[in-house]
There are 2 protein chains.
Amino acid sequence: MKKTSRDKLLDVTFEEVYRLGYCGAGTASILKKAGVPKGSMYHHFSSKKEMVLAMIEERLIPKVRDFFDFEMKKESSALDVMEYTLKKMSKNKMLIAHGCPLHRLMFEMGSIDKDIAQACEVEFQNISQNLARLLNFGMREGTLQKGNVEEMSGFIIASTWGFLSRPLGLSSKEQFLKDTEFLLTSIKKY
Amino acid sequence: MKKTSRDKLLDVTFEEVYRLGYCGAGTASILKKAGVPKGSMYHHFSSKKEMVLAMIEERLIPKVRDFFDFEMKKESSALDVMEYTLKKMSKNKMLIAHGCPLHRLMFEMGSIDKDIAQACEVEFQNISQNLARLLNFGMREGTLQKGNVEEMSGFIIASTWGFLSRPLGLSSKEQFLKDTEFLLTSIKKY
DNA sequence: TAATTAGTAGACTGGTCGGTTTAGTTTATT
DNA sequence: AATAAACTAAACCGACCAGTCTACTAATTA
């Protein structure tokens, strides 16, 4: 199964935008890395912006949903699921070193392009709601402190994004796990 | 006391880089907003990068030190100082809406320019150390949970930056205060 | 097989980027 | 007042930006 030009473009666009940001990522270097000529790009997408919007839907969001997967599995507690999720994130070197790609792009685009920022915000809301559902379960289950689940889930994601955006030299798996340990103590019920 | 061209340039550079990022901020629009011709800019600075580095030292860092001012004043506890600092931050509309300018720039430049990223990281370390001193005091004083002060101060700043980088529509003074309330419960001693 | 569509290919465009150059104007020094 | 240094002013430069254009080839359908 050979990769199509469209697929190559979306893959490289994800990498370049993750690394350099929307403004920093140039179409020329994306094209070169993907080994795709300009005409093909503008055949598949009407503009750089449209290509990035497609990349968000087809690459960024699926990846981020995989990181922030708060589905209840097996017979585990809500707290177990959170700990498992955070541990899984800590193993992703790119995530630890360069932060959450959704956070990066959303943060950059806030004052630059509303459509792109909006696409990111919608997914933030989605993740937040998934986590809220898990928190609700944990509260009824008795492993988590009671409180406003929407506020709490936003708090958890925002602080997690904060941990992931530490300066490069100070960002490590160990550091992230320590940070999240602090975080969990603030919502656990003893 | 008239503002010099250099001062105007640094002021506008701060605003533009804060709003649009380093890559997004163009010299042309900085020059136009400052009402300064190009020749003057390149008389005072050898490049855009050097101008931004000067802006970091002379504008960004002083501002950020004012936000994250953890000096013990009066006869208050370490916890009081933290609460006061967070409250003061919550009143700054730009900070709430667009995040911490130091965080923004550091995050963007990580993979783009090491010198600029480094300048930001050094200041992060500095703020972190100031907070660590306060935490140390709070621990001896008995208002804060004992633990590794360096880890804890990094955790506090990282999560605070996270709160400040929420999506625009969901970022408010109230939300920030709720977030920081959660945060404080994780380090307070009861 | 003929016609149509989907996709490839890359030269090219106009505008903007950061940066240079040269000339002129202030301001400070002697 | 003479000189030098600090600064202003804007035309200019090549490189690069996103985006267009026309020509071509591969795959699909009639």
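Two residues are in contact when heavy atoms of each lie within 4.5 Å. Keep that cut-off at hand for the exercises below, which walk through a predicted model.

**Exercise 1. The neighbours of Cys100(A)**

Task: Find where Cys100(A) sits, and work out which residues Cys100(A) touches beyond four places away in sequence.

Solution:
- Step 1. Begin with the place: Cys100(A) belongs to the loop that joins α6 and α7 of chain A.
- Step 2. Apply the contact cut-off, leaving out residues up to four places away in sequence; Cys100(A) then touches Tyr18(A), Val64(A), Phe68(A), Leu95(A), Trp161(A) and Leu164(A).
- Step 3. Turn to exposure. Buried means under 20% relative accessible area, and Cys100(A) has 0%, so this residue is buried.
- Step 4. Add a distance: the C-alpha atoms of Cys100(A) and Gly162(A) are 9.4 Å apart, although 62 residues separate the two in sequence.

**Exercise 2. The bend in α1(A)**

Task: Compare the span of helix α1 of chain A with that of a straight helix, and locate its bend.

Solution:
- Step 1. Helix α1 of chain A covers residues 5-24, and a straight helix of 20 residues would span 28 Å at 1.5 Å a residue.
- Step 2. Between its end C-alpha atoms, α1 of chain A spans only 22 Å.
- Step 3. Look along the helix for a change of direction: α1(A) bends by about 85° at Tyr18(A). Tyr18(A) is also one of the residues that Cys100(A) touches.
- Step 4. List some buried residues of α1(A), including Leu10(A), Asp11(A), Thr13(A), Phe14(A) and Tyr18(A).
- Step 5. Ask what they meet. The buried residues of α1(A) pack against α2, α3, α4, α6, α7 and α8 of chain A.

**Exercise 3. Arg59(A) and its partners**

Task: Decide whether Arg59(A) is buried or exposed, and name the residues it touches.

Solution:
- Step 1. Arg59(A) is found in α4 of chain A.
- Step 2. The relative accessible area of Arg59(A) is 15%, so it counts as buried.
- Step 3. Not counting residues up to four places away in sequence, Arg59(A) touches Asp7(A), Leu10(A), Asp11(A), Phe14(A) and Ala54(A).
- Step 4. Link this to the previous exercise: Leu10(A), Asp11(A) and Phe14(A) are among the buried residues of α1(A).
- Step 5. From C-alpha to C-alpha, Arg59(A) and Thr13(A) are 9.4 Å apart in space and 46 residues apart in sequence.

**Exercise 4. An enclosed helix**

Task: Explain why α7(A) is described as largely enclosed.

Solution:
- Step 1. Go through the residues of α7(A): the buried ones are Pro101(A), Leu102(A), His103(A), Arg104(A), Leu105(A), Met106(A), Phe107(A), Glu108(A) and Met109(A).
- Step 2. That is nine of nine residues, so the rest of the structure largely encloses α7(A).

**Exercise 5. Met139(A)**

Task: Place Met139(A) in its helix and describe its surroundings.

Solution:
- Step 1. Met139(A) lies in helix α8 of chain A.
- Step 2. Its relative accessible area is 9%, so Met139(A) is buried.
- Step 3. Beyond four places away in sequence, Met139(A) touches Leu144(A), Gln145(A), Lys146(A), Gly147(A), Val149(A) and Met152(A).
- Step 4. Lys189(A) is 50 residues from Met139(A) in sequence and 8.9 Å from it in space, C-alpha to C-alpha.

**Exercise 6. The whole chain**

Task: Summarise the secondary structure, burial and contacts of chain A.

Solution:
- Step 1. Chain A has ten helices and zero strands.
- Step 2. Of its 190 residues, 53% are buried.
- Step 3. Among contacts with a separation of 6 or more, 66% join residues 24 or more positions apart.
- Step 4. The C-alpha trace spans about 60 × 40 × 30 Å along its principal axes.

Notes: Residues numbered from 1 in each chain as written. Chains lettered and ligands numbered in written order. Predicted model: local features only at pLDDT ≥ 70, side-chain atom pairs only at ≥ 80, totals over all residues. Heavy atoms only, no water. Helix = DSSP H or I, 4+ residues; strand = E, 2+ residues; numbered from the N terminus. Expected span 1.5 Å × (residues − 1). Bend = angle between axes of the 7 residues up to and from the residue. Buried < 20%, exposed > 50% of the residue type's maximum accessible area, 1.4 Å probe, protein only.
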